[in-house]
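Thank you all for making the time. I would like to walk you slowly through one model this morning, so please have the sequence and the view in front of you.

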Amino acid sequence: MHGALEAGERVLLIDPKERRYLLTLMSGATFHTHAGVLTHDDIIGGDEGRMITGSTGRQFLVLRPTLSDIVLKMPRGAQVIYPKDLGAILIAADIGPGQRVLEAGVGSGALSMTVLRAGATVVGYELRSDFAERARANVTATLGPDMPYRIEIRDVTEGIDEVGLDRILLDMPEPHKVIPAAATSLRPGGILLAYLPTINQTALLRQALDDAGVPFGLSETQEIMRRTWHVEARSVRPDHRMVGHTGFLTTARRLSA
Ligand SMILES: C[S@@+](CC[C@H](N)C(=O)[O-])C[C@H]1O[C@@H](n2cnc3c(N)ncnc32)[C@H](O)[C@@H]1O
């Protein structure tokens with residue numbers, strides 16, 4: 001998307017205190033914030049990157065949101081994977097156009113939209129139908145209704161129907177229980193990636209990968225640290241606050257048995 005902003009598009013507003021708001025533009029609508037009321041019609045038809053003045057005289061920066069902005073601001077049911085990890089997952093699992101990816105569970109759809117935007121086809125397995133609907137709505141709002149995306153309401157630990165998969169991405173509590181099914185559903189050379197909040201779960205997964213023997217190799221676990229910096233002329237230093245921990249990424253290659 002580029003050019004003038006249109007009704008129906010989502011925009012990101014940033015207020016003078018750097019608070020961020022995601023909204024969908026509608027003719028005749030108003031948006032109420034702590035820093036004043038904004039009229040959508042003042043935004044529609046203009047370029048992004050502009051400052052808009054609200055009712056209290058304060059200014060808001062208007063931009064089209066990045067995928068990272070959307071993930072952090074979109075409605076969520078389940079906890080999303082954070083952008084720093086989403087970026088790393090694309091490289092660690094080597095996600096690319098035309099791949100067939102199985103994802104479980106889909107949660108709020110943050111990983112789904114990241115993988116779909118990279119050009120892959122996604123089949124999602126999800127236990128909860130309300131989360132599946134939320135993920136579907138988030139993907140449609142971000143990428144449109146025609147994405148190659150299907151969600152099935154089912155438990156991934158009870159088996160995987162797809163075969164010849166390029167990638168399996170797991171963000172659910174017991175990925176170690178999925179290893180036998182993953183061994184038959186991934187094509188040789190395919191990649192399994194699991195995202196886990198604790199090292200205990202990660203150790204169970206690594207043990208299951210080791211126990212599976214020949215079908216899996218090159219197992220690797222990593223975590224991503226992101227530290228932002230405060231940069232002003234006479235004060236250049238790391239920011240005081242950072243997110244200390246999100247999750248561990250574990251990858252393994254499916255080998256030829
Ligand atoms: C943390 S959320 C996933 C968030 C998602 N990766 C995102 O970025 O938005 C974990 C999801 O896994 C689902 N889940 C848990 N166990 C599952 C299983 N055995 N099979 C399928 N889905 C499962 C949960 O219902 C939940 O929606």
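Let me begin at glutamate 158, which sits in the loop that joins strand S9 to strand S10 (165–170), where helices (H or I, at least four residues) and strands (E, at least two) are DSSP runs numbered from the N terminus. Residue numbers count from 1 along each chain as its sequence is written. The model is predicted, so local features need pLDDT of at least 70 and side-chain atom pairs count only at pLDDT 80 or more, while totals for chains, interfaces and linings use all residues.

Is glutamate 158 buried or exposed? Glutamate 158 is exposed, because 10 other C-beta atoms lie within 10 Å; with C-beta atoms placed from the backbone, the cut-offs are 20 or more such atoms within 10 Å for buried, 12 or fewer for exposed, and partly exposed in between. Its C-alpha atom lies 8.3 Å from that of alanine 181, although the two are 23 residues apart in sequence.

Strand S9 leads us to the sheet, which is open, has seven strands in the order S9-S8-S7-S10-S11-S15-S12, and shows mixed pairing; two strands pair if DSSP finds at least two bridges between them. At its edges are strand S9 (149–153) and strand S12 (216–223), each of which pairs on one side only. Strand S7 (residues 100–104) and S8 are paired in the parallel sense over five bridges, and alanine 104 stands opposite tyrosine 125 in S8.

Two helices lie across this sheet's strands. Helix H4 (residues 129–143) lies across S8 and S9, at about 170° to S9, whereas helix H2 (residues 83–92) lies across strand S11 (186–196) and strand S15 (248–254), at about 15° to S15. For these angles, axes are lines fitted to C-alpha atoms, for helices over the stretch in contact, and angles run from 0 to 180 degrees between N-to-C directions; contact means that the C-beta atoms of two residues, placed from the backbone, lie within 7 Å.

Turning to the ligand, 22 residues surround it, and the closest are Ala78, Gly105, Gly107, Ala110 and Met172; a residue counts as near if its C-beta atom, placed from the backbone, lies within 6 Å. Helix H3 (110–117) and strand S8 (121–126) are the elements that give two or more residues to this shell.

Finally, the chain is divided into domain 1 (10–65) and domain 2 (69–254), with bounds from an automatic or database domain assignment. Their centres, taken over C-alpha atoms, are separated by 33 Å, and four residues of domain 1 are in contact with four residues of domain 2.
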